[in-house]
Amino acid sequence: MEWGALSGPLWSWHPHPLAWSLVLVPGGLYVRAARRGPERARERDVALFGLGLFLLYTFLDWPVADLAGRSLLVHLAQQTVLLLAVPPLLLLGTRAWTARLHLPGPLTRVSSPTGATLVFNAVVIVSFLPAVMNGVVRNGAAAAGMDLMLLLAGLVMWAPALRIGPATGRPLSHAGRAAYLIVQSVLPSFASLIFIFARHPVYDVFRDSARSVGLSPVADQQLAGALAKVVGLAVLLGAAGAILLRGDAGSEDDLPPGTLSWDDVERELRRLEGKSGAG
């Protein structure tokens, strides 16, 4: 049975090659780099990377992957983990090496804060479209492709916030990074409200299958929206708050040269206000 198929026993085991490959391949490369690389990973980095792989495997393999094809609640839980939990753990676990990466020209624009925002929100919008959701749940290949898209979008989005990866222009200050994360919470939060307040199932594919996990389609949808909203806001706003607190404990003077600080933003705003008044 394919991932997300709606037939067959709910608790019968099914292989999920994507989950195995996304754990074994990066895990093997990580061990090799940690042993033979010029810069050894710290124990904390190894633990973070390992936790990221554990969550990735847990939410892409049986039984979560099968339940995600029957319940929107489980599906959005899986999507939230792929976007907001796994990527920062993997990035923090590889920070000893990612700074030396050199991206091709087009990818440098994608890895900028603006490019990352566009990519992240575009993938989120596409994943919520009814035609896409219905197709993903019913087709194993489409599901695997969407899982990869979500994971990559999460990696792209978190890289500027964590200042991990190759430099692509002026890095964000502490306030800029916090504001950047707050912006990422807007669109998913709006989609969650649709799920919470809709009186009919948004997706046909979950109309009957939700009952197999003991929920009515509308209750499953409302719980999914509440979970996605609460967890999404908690992760993104919590990370933003942690960055601001860390910034207060330090100083903008400690930032890398060329960093776009809050003072720079204020000066630009005053300059624009002056031009407007003169006009």
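**Overall fold and the α7–α10 helix pair**

Of the contacts in the protein chain between residues at least 6 apart in sequence, 78% join residues at least 24 apart. The model is a predicted one. Its protein chain contains 13 helices and zero strands, so that, by the DSSP assignment of helices and strands, the order of elements from the N terminus reads α-α-α-α-α-α-α-α-α-α-α-α-α. The protein chain has 279 residues, and 43% of them are buried. Its accessible surface amounts to about 14400 Å². Carbon and sulfur atoms account for 68% of that surface.

One helix pair was examined in detail. Helix α7 spans residues 113-128 and helix α10 spans residues 174-184. The two axes come within 10 Å and cross at roughly 20 degrees. Because angles under 35 degrees count as roughly parallel, α7 and α10 are roughly parallel to each other. The crossing of α7 past α10 is right-handed. On the α7 side, the contact is made by Pro113, Ala116, Thr117, Phe120 and Asn121, while α10 contributes Tyr180, Val183 and Gln184. By class, five of the residues in the contact of α7 with α10 are nonpolar and three are polar; charged residues are absent from this contact. Pro113, Ala116 and Phe120 of α7 are among the nonpolar residues of the contact, as are Tyr180 and Val183 of α10. The polar residues are Thr117 and Asn121 of α7 and Gln184 of α10.

Conventions: Residues numbered from 1 in each chain as written. Predicted model: local features only at pLDDT ≥ 70, side-chain atom pairs only at ≥ 80, totals over all residues. Heavy atoms only, no water. Helix = DSSP H or I, 4+ residues; strand = E, 2+ residues; numbered from the N terminus. Buried < 20%, exposed > 50% of the residue type's maximum accessible area, 1.4 Å probe, protein only. Contact = heavy atoms within 4.5 Å. Areas by Shrake-Rupley, 256 points an atom, 1.4 Å probe, with all protein chains shown as cover. Axes fitted to C-alpha atoms, helices over the stretch in contact; angles between N-to-C directions. Parallel < 35°, antiparallel > 145°, perpendicular 65-115°, else oblique. Left-handed = near helix turned anticlockwise from the far one by under 90°.
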